[in-house]
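Welcome! Let's look at a structure together and ask how its features earn their labels.

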Amino acid sequence: MVMDQIELREVKKIVSERSRMVVRERVIEEKKKRKVAGRGKQKIIREYIKISGSSDKHAALASGLGSLTWEKPLYSEFQQLASEYAAWTLVNGYVVNHVTISTHRLKSHLRNIKNLNQFIEEKGLRLNSEGGVLKVSPDGFLLQTSTIADSISFQFSDGVTESVPCSYIEFAERLVLPQYKNLPEREVKEFHRRDGFEVGNADKIFESTSKEQLTRKAA
């Protein structure tokens with residue numbers, strides 16, 4: 001996705017041994033030497049933030065109901081924000097972008113992410129091919145893949161109805177670190193496995209909502 005005019009900051013927090021949360025934030029403060037073209041996008045975002053007001057206090061409820069805390073956008077505004085994470089948020093609101101399943105916690109042969117990918121594709125589901133279906137960290141111990149986002153029919157405020165991306169599923173296999181490779185499998189804990197995230201992989205995973213992936217024909 002193009003991120004030329006609005007900065008992207010990624011904040012990572014380990015919530016517990018078994019759960020992790022990634023928050024991606026759009027920073028819209030204008031900096032010096034910004035191109036004028038970016039100001040239109042920032043104006044759109046600010047307008048909807050203003051409309052929403054303090055409604056973010058009801059974000060969890062809005063997410064559960066599948067509702068927006070601001071007015072439905074114009075289709076032209078959505079197009080202007082195309083290829084931006086902001087465009088996804090504009091039509092989806094506070095809905096969860098994706099969830100991640102740790103494949104190494106599965107109890108079958110599908111704990112191997114390559115086996116899982118094959119299983120998913122055999123069931124007729126499409127996987128995100130950006131940077132390759134299997135995204136591998138530089139050290140080789142974090143393996144990730146993701147489905148292509150579902151699409152929903154969305155009616156914009158000007159009456160235009162279009163298909164827009166919604167949520168998807170990511171799968172991650174965290175391999176046992178070299179210093180623990182001799183541990184019996186039954187003794188392996190989460191902290192014995194590769195921790196953290198890879199920004200390069202994450203950017204490719206987030207392409208699951210891109211127009212290029214949504215319109216790509218199955219191989």
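What follows is a short set of questions and answers about this predicted model.

Q: Why is the ring pair of Tyr75 and Phe78 called stacked?
A: The ring centres of Tyr75 and Phe78 are 6.5 Å apart, with 25 degrees between the planes. Rings pair if their centres lie within 6.5 Å, and planes under 30 degrees apart count as stacked, so both conditions are met. By this rule the model holds five aromatic pairs.

Q: How are Tyr75 and Phe78 placed in helix H3?
A: They sit three residues apart in helix H3 (residues 75-80), which means that about one helical turn separates them. Ring pairs also link Tyr75 and Phe78 with Phe154 and Phe156 into a cluster.

Q: Is Phe78 buried or exposed, and how do you know?
A: Phe78 has a relative accessible area of 15%. Buried means under 20%, so Phe78 is buried.

Q: Why does Val199 count as neither buried nor exposed?
A: Its relative accessibility is 48%. The buried class ends at 20% and the exposed class begins over 50%, so Val199 is partly exposed. Val199 lies in helix H6 (residues 199-205). In space its C-alpha is 9.4 Å from that of Ser137, although the two are 62 residues apart in sequence.

Q: What makes Lys72 a charge over the ring of Phe154?
A: Lys72 lies over the face of Phe154, at 5.4 Å from the ring centre. The distance limit is within 6 Å, so this value passes. Arg174 has a similar role: its charged end sits over the ring of Phe197, 5.5 Å from the centre.

Q: How do you know that strands S6 and S7 pair?
A: Five bridges join strand S6 (residues 151-155) to strand S7 (residues 161-165). Pairing needs at least two bridges, so these strands qualify. They run antiparallel, and Ser151 stands opposite Pro165 in S7. In their hairpin, five residues lie between the strands, and Gly159 takes a positive phi near 90 degrees.

Q: Why are S3 and S4 called edge strands?
A: Four strands form an open sheet in the order S3-S8-S5-S4, with mixed pairing. Strand S3 (98-102) and strand S4 (135-136) each pair on one side only. Within this sheet, strand S5 (residues 142-146) and strand S8 (residues 168-174) pair in the antiparallel sense over five bridges. Thr145 stands opposite Phe171 in S8. Helix H5 (residues 113-122) lies across S5 and S8, running at about 155 degrees to S8.

Q: What makes H4 a mostly covered helix?
A: Seven of its eight residues are buried. Among them are Tyr85, Trp88 and Leu90. Just after H4, Gly93 takes a positive phi of about 70 degrees.

Q: Which residues have the most contacts inside the largest nonpolar core?
A: They are Phe78, Leu81, Val91, Phe156 and Val164, in a core of 14 residues. Helix H1 (37-52), H3 and helix H4 (85-92) are the elements that give two or more residues to this core. H4 gives the most, with four residues.

Q: Which residues does Val91 touch, not counting residues up to four places away in sequence?
A: Val91 touches Leu68, Pro73, Phe78, Phe154, Phe156 and Val164. There is also a second, separate core of seven residues, which includes Leu110, Ile113, Ile120 and Phe171.

How values were computed
Residues are numbered from 1 along each chain as its sequence is written. This is a predicted model: local features need pLDDT of at least 70, side-chain atom pairs count only at pLDDT 80 or more; totals for chains, interfaces and linings use all residues. Side-chain values use heavy atoms; hydrogens and water are left out. Rings of Phe, Tyr and Trp (its six-membered ring) pair if their centres lie within 6.5 Å; planes under 30 degrees apart count as stacked, over 60 as edge-to-face and the rest as tilted. Buried means under 20% relative accessible area, exposed over 50%, partly exposed in between (1.4 Å probe, protein chains only). A charge sits over a ring if NZ of Lys or CZ of Arg is within 6 Å of the ring centre and within 35 degrees of the ring normal. Contact means heavy atoms within 4.5 Å. Axes are lines fitted to C-alpha atoms, for helices over the stretch in contact, and angles run from 0 to 180 degrees between N-to-C directions. A nonpolar core is a set of buried Ala, Val, Leu, Ile, Met, Phe, Trp, Tyr and Cys residues joined through side-chain atoms within 4.5 Å.
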